[in-house]
Amino acid sequence: MFHIGGGAPISWFQFARTIFEVAGLKPMLLAINEREYRTRAKRPKYSALSNAKMERFGLAPMPPVRQALEGYFEERIRAVSGIPV
């Protein structure tokens, strides 16, 4: 089993911002820190996924997040509009 990510590590804020940018939306987003967003769950300050295990097995790297999101939205548009692949 692999848990993998694509490209450089990014924060949840950067991930959300990229999703909205690729979707063509411009909501107001505010970055906050762990003091401003308290949860019962204890979370590490830095928890980026490592692709080392995947690379050791000779698997190709994942595309960067932006590229993966662009591909997702292209496929979604095709699926919703009924355009054949």
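**Exercise 1. Place Asn 51 in the fold, decide whether Asn 51 is buried or exposed, and find its contacts.**

Asn 51 is found in the loop that runs between α1 and α2, the latter covering residues 52-56. The model in which this residue sits is a predicted one, and every value below is computed from it. The next step is accessibility: Asn 51 has a relative accessibility of 15% and therefore counts as buried, since the limit for that class is under 20%. Finally, once the neighbours within four places in sequence are left aside, Asn 51 is in contact with Ile 4 and Gly 5.

**Exercise 2. Test whether the span of helix α1 agrees or disagrees with its number of residues.**

Helix α1 comprises residues 12-23, which makes twelve residues. The expected span is 1.5 Å times one less than the number of residues, so the helix should span 16 Å, and because its end C-alpha atoms are 17 Å apart, the two values agree. Just after the helix, Gly 24 takes a positive phi of about 80°.

Helix α3 can be treated in the same manner: its 17 residues, 65-81, reach 24 Å from the first C-alpha to the last, which is close to the 24 Å expected. Just after α3, Gly 82 takes a positive phi of about 80°.

**Exercise 3. Find how many aromatic pairs the structure holds, and describe their geometry.**

A search of the whole structure gives two aromatic pairs. One of them joins Trp 12 and Phe 15, whose ring centres lie 6.0 Å apart and whose planes make an angle of 65°, so the pair is edge-to-face, given that planes over 60 degrees apart fall in that class. Both residues belong to helix α1, where Trp 12 and Phe 15 are three residues apart, or about one turn of the helix. Their accessibilities can then be read in turn: Trp 12, at 72%, counts as exposed, while Phe 15, at 29%, counts as partly exposed.

Tyr 72 and Phe 73 form an aromatic pair that is also edge-to-face, with 5.2 Å from centre to centre and 70° between the planes. Within this pair, Tyr 72 has a relative accessibility of 44% and so counts as partly exposed.

**Exercise 4. Compare Thr 18 and Gly 7 by place, accessibility and contacts.**

Thr 18 has its place in helix α1, whereas Gly 7 lies in the segment before that helix. With a relative accessible area of 13%, Thr 18 is buried; Gly 7, with 48%, is partly exposed. Leaving aside neighbours within four places in sequence, Thr 18 is in contact with Arg 66 and Leu 69, and Gly 7, on the same terms, is in contact with Met 62, Pro 63 and Pro 64. A further distance can be added for Gly 7, because its C-alpha atom lies 10.0 Å from that of Ala 68, although the two residues are 61 residues apart in sequence.

**Exercise 5. Describe the largest pocket by its volume and its lining.**

The volume of the largest pocket is about 1,300 Å³. Its lining consists of 29 residues, and those nearest the pocket centre are Ile 10, Ser 11, Trp 12, Lys 45 and Ser 47. Sorted by character, the lining has 17 nonpolar, eight polar and four charged residues. The element that gives the most to this lining is helix α1, which supplies three residues.

How values were computed:
Residues numbered from 1 in each chain as written. Predicted model: local features only at pLDDT ≥ 70, side-chain atom pairs only at ≥ 80, totals over all residues. Heavy atoms only, no water. 1 Å grid on protein atoms, 1.4 Å probe; cavity = no way out; pocket = protein on both sides within 12 Å on 5 of 7 lines; lining within 4 Å. Points joined across faces, edges and corners; volume = space filled by probe spheres on them. Helix = DSSP H or I, 4+ residues; strand = E, 2+ residues; numbered from the N terminus. Nonpolar A, V, L, I, M, F, W, Y, C, P; charged D, E, K, R; others polar. Phe/Tyr/Trp six-rings, centres within 6.5 Å; stacked < 30°, edge-to-face > 60°. Buried < 20%, exposed > 50% of the residue type's maximum accessible area, 1.4 Å probe, protein only. Contact = heavy atoms within 4.5 Å.
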